[in-house]
Every structure is written in C-alpha cells, then in structure tokens.
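Student: I have a structure to go through. Can we work on it with short questions and answers?
Tutor: Yes. Ask away, and we will reason each one out.

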Amino acid sequence: MKYVFAFEEGNKDLKDLLGGKGANLAEMTNLGLPVPPGFTITTEACRAYLHDKRLPDGLTGQIEARLTALEERIGRRLGDAADPLLVSVRSGAKFSMPGMMETVLNVGLNDESVNGLAAQGGERFAWDSYRRLIAMFGATVCEVPAEDFSHALDEAKRHKGTRNDLDLDADDLRALVGTYKKIFAKHVGRDFPQEPREQLDLAIRAVFDSWNADRAVLYRRQERIPADLGTAVNVVAMVFGNLGPDSGTGVAFTRDPGTGAPGVYGDYLANAQGEDVVAGIRNTVPLQELERLDKTSYDELLRIMTLLEEHYRDLCDIEFTIERGKLWMLQTRVGKRTAAAAFTIAAQLVDEGVIDLDEAIRRVTGAQLGQLMFPRFDLSGAPEVLTSAVGASPGAAVGRAVFTAEHAIELAGQGEAVILVRRETNPDDLGGMIAAQGILTSRGGKTSHAAVVARGMGKTCVCGADDLEVGRNEFTVHGTRVAEGDLLSIDGTTGRVYLGEVPVEPSSVVRYFEGDADLQDPLVAAVDRLMRHADTRRRLRIRSNADTGEDAARARRFGAEGIGLCRTEHMFLGDRRELVETLILADRQPERSAALDALLPLQRADFVELFHEMDGLPVTVRLIDPPLHEFLPSLTDLAVRVAVAGERGEDARHDERLLTAVSRMHEQNPMLGLRGVRLGLVIPGLFAMQVRAIAEAAVEVARAGGTARPEIMVPLVGAVQELETVRAEAEKILAEVIGDSGVEVLIGTMIEVPRAALTAGQIAEAAEFFSFGTNDLTQMGWGFSRDDVEGAFFWRYLELGIFGISPFESLDRDGVGRLVRIASEEGRAARPGLKLGVCGEHGGDPDSVHFFHEVGLDYVSCSPFRVPIARLEAGRAAV
Ligand code: PEP
Ligand code: MG
C-alpha cells in the first residue's frame, strides 16, 4: 500500500486521499508554482492507524525514503548540526476543519542544530525558531497548555520593557528557550525530545490522533462531516518568514470574500511566521502595502493569484511566505465566502466567461439565499461588540436582557421585546423562548437545546458565548456588566452580540422579491440573474402554503405558482371559534345546522379572496383538520370554572353542559385522535358546507371574469373508503353548484398517514392528486409527537448522532422518504398522470427539495418566505 506521496505525485482531485491541503499543494507544484518541496501521508494511513492503534506496516519505511529524497533534493539533513533541514508538519482533512489541529513548525531543531541554523540565518532567528518549535510541539503534540508559553513570552517582554516581540534579542530568546523547556518538562514528565526523527514521528501521530479529539468530533458533528474520513499529514520543507525585514508571511484572497467585490484582499506581516498572523501578536498591514515593501514579490503574487483563479475557476484563498525576497506558496484552496459573496462572485464569473449559468447556480445554495433574506443590523454606527459566538439560528434580534423564562414571558406580555439570556436552555425554558425575540446562551453549539428549538421556531439564537459569566440577573463579559433590562442586539447569522440597540435594516433581497428591486446593487442583480436561470431549469413547480389573501399575494410576488395548502382550520380561529365549538359539541342537528349556515358565507368570502389573489393558478383547499385540543376549551379551565361557580345561573348551566361534552371528547393523544377526515365523517354537514363554499366561491370568481382552479383536498385519509365517502358527497354538491359555469374542480387527498402511503394504489383510484403531508408522515412514521418531542429530546439525539438534523426540518429519506417513494410509484401505477405534490414543512427545505425532484413529484409547496429558496433548489436539483 502506498501511504506517502511526493507533491509531484498528487493533484487537486485527490482530496479523499491527500486531504484538501495536500491535494492543492500537489496541484500548485505541478502548475510550476513555487511550493517548498514536501510530501503527504494519506488519509488511508490515518484510518489504518486509528483502527489498529499503531502505524500501518510499511509507513515508517516510506516516510524514511521520502525524507531522504527530500534531504537530497535540498542538500540538507534533518538534525544536521551544521546546516539542518527543518520541516513543518500540517494536518489536512478532505474538508477544512479550522481549529482542529494546528501546525507544528521548525521540526528538526534541537540544542545542536540550533547553532547550525544560527550560522545560516543568525542567532536571533535561530533561537526564535527554536522557541516556536517547543511551544507548538508542546501544545499540539503533548497537550501542554498554550497559555503557559504565551505567559512566559509576555513575561520576557515585560522584563525587557517592550510589547513587541521583535525587541527580544538572541540572548532573550535563548533564555526563553530555557524557560519553555522547563514548562515542557514539568507538564510532560520528560525533556523536550532532541532526536529530530522522534519529533517528526510524534508530530505525525499527534496529527492522526487529533482526528478524534473532542473538539474535532464536535466540529464534524456540527458541520455534518463524516466521522470516518481521517486526516492526511503534510510534511513540508520549512521556508522562513522570520529571517528579517525582507521576509514575512501573509494571507490573500483573489476577491473580497465578504462582498465578492473583485480586487486583491489580504493581510501581510513582515518578519514573522504564519502563526503570528493568526495569533494577532502584531498588527498586520493590508496586502497592498507589500507592493511598497517588496514590489517583485508582490507582482509575482498577483500573477500567481490570477493564474490560480483561472485554474480553479473560483475565488481562491492563499497562504504565502516570503523568505529574503523569495515568494513561496504554502496553501491554496477554493475560499470560503459569505452568502452575499457567493451570489455576487458566481454572477461575476459568468460575466467573465469563466463559468456558465448552470455552474453558477450549482455554486450557491438555498440556505445562503435564506440567509440573505433575513433582516440585518445596520452596522454603520460601529456598535460595540460584546462578544462573538456561534450563530445558531439566523436573524437580527433586539431586546432587553432577561435571565429567566418567567421574566421573559412577563415582560413580553407587557409588550417589551426581550432577549432571553441563559447559561443553557432546557425544556422548562420553552415558554420564555417563545416569548423572546432572541436567545443567547453561554454554553452549547449548533445542536444544543437552545439552537435546535430556536431554529424550529425561526427565532434568532446565538449559542456558546463562553466568555459570558451568566449570573442570576446579570452577566459580565470582558469586564462589561449587563444587567436585567439592559438593551442587547444579537445577530444569529454572524454570532455577534452587541450592547445597546443596533438599528435593523430590511433585506435588499426580500425587497427585490417584493418587486422593489434595486438592480444597481450587485448582490440584487446577481440574485436576479441566478433566480431567473433556476426558474428556466427547474422541473418542479413551486406553490405556497397560504390561508389568507395577504399570504397568497406575497407568495405570488415571491414566485409561487399556486397554493399547495390552504389550512382551512386556520380560518376558524378568532371570533369564529365559537361556531366551530358549537359544531363539534352540539348533540342536536338544529344547533349544528345553524352554525353551518352561519359559517357558509364566511368561508365563501375567504375562498373568493384566495381565488382572486391566485387568479388562474391552482389553489388546494384542504377540508378542515382541527386537532380538537386546539379548538375546544381547556378541560382544566372549565372544571375550575364549574367548581367555583356559586349560583346556578344560565352561564353556570352552560359551563356544566360544556364540561360534560368536553370531557366526553377529551383525548390523550389529540394528534392521533378525532382529526381530519375522521371528524368530517363524524360531524354531518361540516365537509359539505366547505365544499359548497369552495364551489360557490369559484363560480362567483368565474362570473366576475376570473379563473378559479380549486383543488379540494381531504386530510388524514388512511383508507380509500374514507376518501370515497367524502368524494361521493362532494361530487353531488359540485354538480349542483357548478352547473355549466365552466369551473373545474379536482378532488384529491393528503398522504400523511403511513397506511395511506402503503395503500396508495387503492387510494389513487379515488384521488386526482396526492399531496404528501410530511409533517404528519414524519410524526406517525417515527411514532413521536411533533408538538412535544423537538424540545424534549431531539437535542440529545443530535448530540448522539442518531439524527444528523431534525427529521421535522429535513426529510428522513431512508424511512419517511421511502413511504413517499412507494406512494408515488404505486399511485402513478394505478392512475397515470396522478398529480403529486408535497405540502409539509419539508417542501421548503433545500435537501428535501432535491429528494422530491428525484422522486418525480410535480410540485413542492412551502411557506411564502421559502418560495424563492425552493425555486433555487429545484433549479439546482435539475442541473
Ligand atoms: C402535514 O402533516 O405535513 C401537513 C401539511 O398538514 P398539517 O401540518 O396541517 O398537519
Ligand atoms: Mg397533517
């Protein structure tokens, strides 16, 4: 087995084997760019090592052979006392995992070779390099606390009376090496290893082991990176940015990764090694300064940046070092960027003729578009950043700090906007989370309870702000005290927390979708271009879930091609609730008929409004599906009222009758109870009234010159007989009302009970369309209540990796998805041309949209704000 590859032997497509860094170093080498020579130890070697708990056979020999070749090529030997070769050891997995494993630089230095290095580059440089090796090796290979080294460095500077490490001379640094060695020995229980090969081997093993370090495991889980990839190790001949003022190190981007604007972006630090840039020990200068400092290297860098962009056909980020005026490339990759930059750059590259529009829509995601649709903080007033943590649920929220759920509920009840601040949240905090504008916690990451619940509610959330000291009614952060009632602004996209009220500005992208476009804005122009292209590509149609004229109108502006779900039970909230209560509880037909007669004109007007807004487009009206507990008065409240009622007035008698009826209908599991079609079959006249209202509304719109295209949908069907019964009654009414008005009405069903999915062939005989209710299908497929479980235990399942993501958020392809597939195939086999759609929440989830495309549905239906996301993802699924 070949475990070690020289850079000349790899290329950019070997990321699985060589990791991202190794593959790109190989690519640059083969492009003839100035990359220091080196080699990559494969991820396969890492996996074998982690599996067998020892280095795989042959690896040591292969490393030896490569190292010898490297020594011969450079003409220096590792550990040579007179003129040593030094190497860096860097991790590099297939996906970049920042912070997982740092680099160890200057491997090969010891008490002897430091003198050899001094002879080549000077005393100061040699001792500076040696102290860096001990600190990096100590921290990353032997788990010595990094602060111990940085404290010693600070102490040395204080002693010298300076704040700049460049003021430390060779003697200071030699002394610092002595201190570092003591720190090392104290923590590790042995002296710093002097044998260069031992240093190298230990560093390689440490990189392998780092794959399973807690923070790496956590990071992978959050970013959904598979756990079994392993990391590669890159061993690279050292080049030095700390050899004097004509040396230095920097990072560069070929375009602005924040906005996408073309031009050169980056930072440069003279006389430094790479870690200094990251550590912020000294202030970097803008990359443009390099032109003044070293024009030759600057021009060369620009030339290489252009070449890399052309080669990778995308924004690249770069790490480089200049050693005594000679430029070296240490890393490149297709660079990370913000959502705005992703759209802008994709459109620019199309303009530049680098990529086509299909490629452009592949390079942006619905999730990025979603980010751009949230309101943002207007940061022009440079508000004070208190801290920066995990942006767990996007959005911009402003409110007064509160520290308990009860207080959140209380203040919100008084009309105050609040931010709930907790160390971490638990299910008892749910009420407070609902009441708050946003949630801020000091512990936990993207899958913590707070994060999961907040995302489910679409609420802004920042998690894991671990520099917050959260007390009972205040928190402190870096010396600032924030008391209950103080104003806070939290940004769930960037994870930043601001003191005070930061003004919020609406999204320019939402304004564009609303029809108020500023096409001069490069971002808006880019979104416009890519959305148009996605629309020409997608095969799925996009509808929206909407129950009001207002939602329908917005959905249409956002590009919806119809309504996929009008939940008619939503039309019965407010003052119509009482009529529904009467309907459900009445035990005599006259009472019921009176309620139905009162509801008919109200419903007709509701539907006229929807058909009007959606003129010419299909509107799926679902017959009422009210979970009883949401419509009946609370049993407890009623019981209390009856118990305390002293006199036996008319009200008390009404309450008693109500109590008897509500007790009779009380359910332990309302979501599995008398709902949907079951209710329609139990309460005579209910569905009939709705069908009549739909038909009359459609005829009214048609008579006024419009085109109504109603589709009547029956909820919660599990057996074809249920649908047949409803259908027979509906057809009679339709025939009577529609007459020769020319209105066409389809009758179909939700598929949201597993039995319906499994008997879809039978059900299709009575249905002109299916619409998958993936919310209920998930609930009943998994057997857990959608109302209760997300806050109760999902956080634990996410932590354990049982879920990668909540199955209510993204469709569980293997289980629930299989039900969708079976029902689609068997439904279409029974009735070719059967129209198929989905109207559960998954209709707007990017990953699920791709699945629905694959299964061959005709449309997805989602909330109005997700319509653009679904359009884009449907387009992406089609290319
Ligand atoms: C569903 O179950 O997916 C659905 C759309 O219906 P509801 O959410 O109203 O139960
Ligand atoms: Mg449902």
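Student: Which protein donors does the magnesium ion (ligand 2) have?
Tutor: Keep in mind that this model is predicted. The donors lie 2.0 Å from the ion. One uses an OE atom and the other an OD atom. They are Glu-752 and Asp-776.

Student: Where do Glu-752 and Asp-776 lie, and how many residues apart in sequence are the parts they tie together?
Tutor: Glu-752 lies in the loop between strand 30 (746–751) and helix 30 (754–758). Asp-776 lies in helix 32. So the pair ties together parts of the chain whose separation in sequence is 24 residues.

Student: Are Glu-752 and Asp-776 buried or exposed?
Tutor: Buried means under 20% relative accessible area. Glu-752 meets that, and so does Asp-776. The answer for the pair is buried.

Student: How many residues of helix 32 are buried?
Tutor: Helix 32 is mostly covered. Its buried residues include Thr-774, Asn-775, Leu-777 and Met-780. Just after the helix, Gly-783 takes a positive phi of about 75 degrees. The count of buried residues in helix 32 is 7 of 9.

Student: Which elements do the buried residues of helix 35 pack against?
Tutor: Helix 35 spans residues 846–855, and 7 of its 10 residues are buried. Among them are Val-849, Phe-851 and Phe-852. These buried residues pack against helix 15 (366–372), helix 32 (774–782), helix 34 (816–830), strand 32 (835–838), strand 33 (859–862) and helix 36 (867–878).

Student: Which residue just after helix 35 takes a positive phi?
Tutor: Look just past the end of the helix. The phi there is about 95 degrees. The residue is Gly-856.

Student: Which helix gives the most to the largest nonpolar core?
Tutor: That core has 132 residues. Phe-343, Leu-369 and Phe-611 have the most contacts inside it. The top contributor gives 12 residues, and it is helix 28 (residues 686–703).

Student: Which residues is Phe-611 in contact with, leaving aside its neighbours within four places in sequence?
Tutor: Contact here means heavy atoms within 4.5 Å. With the sequence neighbours set aside, Phe-611 is in contact with Val-619, Val-621, Ile-694, Ala-697, Ala-698, Val-701, Ala-708 and Pro-710.

Student: How many residues does the other core have?
Tutor: It lies apart from the core just described. Leu-109, Val-114, Phe-192 and Trp-211 are among its members. Its size is 67 residues.

Student: How many residues lie between strand 8 and strand 9 in their hairpin?
Tutor: Strand 8 (residues 248–255) and strand 9 (residues 262–270) are antiparallel and pair over 7 bridges. One bridge sets Ala-252 against Gly-266. In the turn, Gly-260 has a positive phi of about 90 degrees. The hairpin has 6 residues between its strands.

Student: Which residue in strand 10 stands opposite Asp-267?
Tutor: Strand 9 also joins strand 10 (residues 285–286). The two run antiparallel, with 2 bridges. Opposite Asp-267 stands Pro-286.

Student: Which are the edge strands of the open sheet with the order 20-21-22?
Tutor: This sheet has 3 strands with antiparallel pairing. Strand 20 and strand 21 (residues 474–477) pair over 3 bridges. Each edge strand pairs on one side only, and these are strand 20 (468–470) and strand 22 (480–483).

Student: Is Ala-643 buried or exposed?
Tutor: Ala-643 sits in helix 25 (residues 635–644). Exposed means over 50% relative accessible area. Ala-643 has 64%, so it is exposed.

Technical notes:
Residues numbered from 1 in each chain as written. Chains lettered and ligands numbered in written order. Predicted model: local features only at pLDDT ≥ 70, side-chain atom pairs only at ≥ 80, totals over all residues. Heavy atoms only, no water. Pairing = 2+ DSSP bridges. Helix = DSSP H or I, 4+ residues; strand = E, 2+ residues; numbered from the N terminus. Buried < 20%, exposed > 50% of the residue type's maximum accessible area, 1.4 Å probe, protein only. Donors = N, O, S within 2.8 Å, 3.2 Å for Na, K, Ca; no water. Core = buried A, V, L, I, M, F, W, Y, C linked by side-chain atoms within 4.5 Å.
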